[in-house]
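This briefing concerns one protein model and its packing. The topics are the nonpolar cores, one helix, one threonine and a pocket.

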Amino acid sequence: MIFDDIFKNKIPVFEKLANFGFVLYEDIYVYSCKIVDGQFIFNVRVDPSGKIQTKVIDSTTKDEYILHLVEGTTGNFVGKVRTHCFNVLQKIADNCFEIKVFHSAYANEVIRYVKEKYQHDPEYLWSKFPENAIIRRSDNKKWYAVLLIVERHKIGLTGNKKTEIIDLRVKPEELKEIIDGKKYFSGFHMNKKHWMTLCLDGSVDLQEIFNRIDDSYLLANK
């Protein structure tokens with residue numbers, strides 16, 4: 001769909017869909033509104049998996065209008081329909097969806113842990129790098145964790161397969177002792193004297209990661 005990028009790395013929050021005005025029919029959430037001065041009805045459907053489907057219906061003939069979906073199609077009227085659809089979908093994405101970049105069980109447990117203990121959420125600061133997120137303290141705004149998705153060879157492992165990692169602060173004197181190229185790696189894209197990298201793939205015990213997060217949180221206060 002031409003509007004796919006609007007919902008890239010996002011999942012629906014179904015309670016918010018209902019609050020926005022979606023109506024539940026069986027297991028599908030449906031939203032309808034008039035666009036282009038009432039000439040069309042714009043229907044948006046969200047299924048249980050989060051898949052988005054849209055239709056533009058001519059208010060008079062009840063026929064489906066599809067020219068706005070054909071890439072390369074130009075013209076003032078087509079552009080107007082496309083813009084109206086985009087604006088509606090962007091508003092839905094902003095109000096009813098949340099970012100979901102990291103999918104591993106460990107990454108989600110890390111996100112849950114910092115939310116419950118520190119009331120912090122990942123922040124996605126760079127539109128050019130949507131798979132990078134930071135977590136920072138509320139008081140001094142210093143980062144204490146960075147979540148990324150990188151190719152394994154970039155941190156010293158074998159292969160080009162992507163893996164989810166976390167960068168954490170660590171004491172310089174301890175850093176030299178723990179970097180082993182198996183569980184602990186030099187900080188990826190961070191100061192290698194003060195940061196280390198761990199894979200969120202089960203190679204490091206989850207409780208150990210939680211403990212390292214707590215240490216990093218405290219170090220970010222210095």
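Leu147 touches Phe102, Val110, Ile111, Pro122, Glu131, Asn132, Ala133, Ile135, Ile165, Ile166 and Leu200, residues up to four places away in sequence not being counted; contact means heavy atoms within 4.5 Å. The model is predicted: local features need pLDDT of at least 70 and side-chain atom pairs count only at pLDDT 80 or more, while totals for chains, interfaces and linings use all residues. Residues are numbered from 1 along each chain as its sequence is written, and side-chain values use heavy atoms, with hydrogens and water left out.

**Nonpolar cores**

- The largest nonpolar core (buried Ala, Val, Leu, Ile, Met, Phe, Trp, Tyr and Cys residues joined through side-chain atoms within 4.5 Å) has 30 residues, and Leu147 is one of those with the most contacts inside it, as are Phe102, Tyr144, Ile166, Met196, Leu198 and Ile213.
- Two or more residues of this core come from each of helix H3 (105–118), strands E8 (132–136), E9 (143–151), E10 (162–169) and E12 (195–199), and helices H4 (172–178) and H5 (206–219); helices (H or I, at least four residues) and strands (E, at least two) are DSSP runs numbered from the N terminus.
- H3 gives the most to this core, with six residues.
- Apart from it lies another core, of 26 residues, among them Tyr31, Ile35, Cys85 and Ala93.

**Helix H5**

- The 14 residues of H5 should span 20 Å at 1.5 Å a residue, which agrees with the 20 Å between its end C-alpha atoms; the expected span is 1.5 Å times one less than the number of residues.
- Buried residues of H5 include Leu206, Ile209, Phe210, Ile213 and Tyr217, where buried means under 20% relative accessible area (1.4 Å probe, protein chains only).
- The cover over the buried residues of H5 includes H3, E9, E10, H4, strand E11 (184–186) and E12.
- At the start of H5, a side-chain oxygen of Asp205 comes to within 3.0 Å of the backbone nitrogen of Gln207.

**Thr197**

- Thr197 is found in strand E12, and it counts as buried because its relative accessibility is 0%.
- Beyond its neighbours within four places in sequence, Thr197 is in contact with residues including Ile155, Ile166, Lys183, Tyr184 and Phe188.

**Largest pocket**

- The largest pocket is lined by 13 residues, of which Glu98, Ile99, Ile111, Asp121 and Pro122 lie nearest its centre; on a 1 Å grid over the protein atoms alone, a pocket is an open set of points where a 1.4 Å probe fits, with protein on both sides within 12 Å along at least five of seven lines, and lining residues have an atom within 4 Å of a point.
- H3 supplies the largest share of this lining, four residues.

Terms used:
Buried means under 20% relative accessible area, exposed over 50%, partly exposed in between (1.4 Å probe, protein chains only). A polar contact is a pair of N or O atoms within 3.5 Å; within protein, one must be able to donate a hydrogen and the other to accept it, and residues adjacent in sequence count only if both atoms are side-chain atoms.
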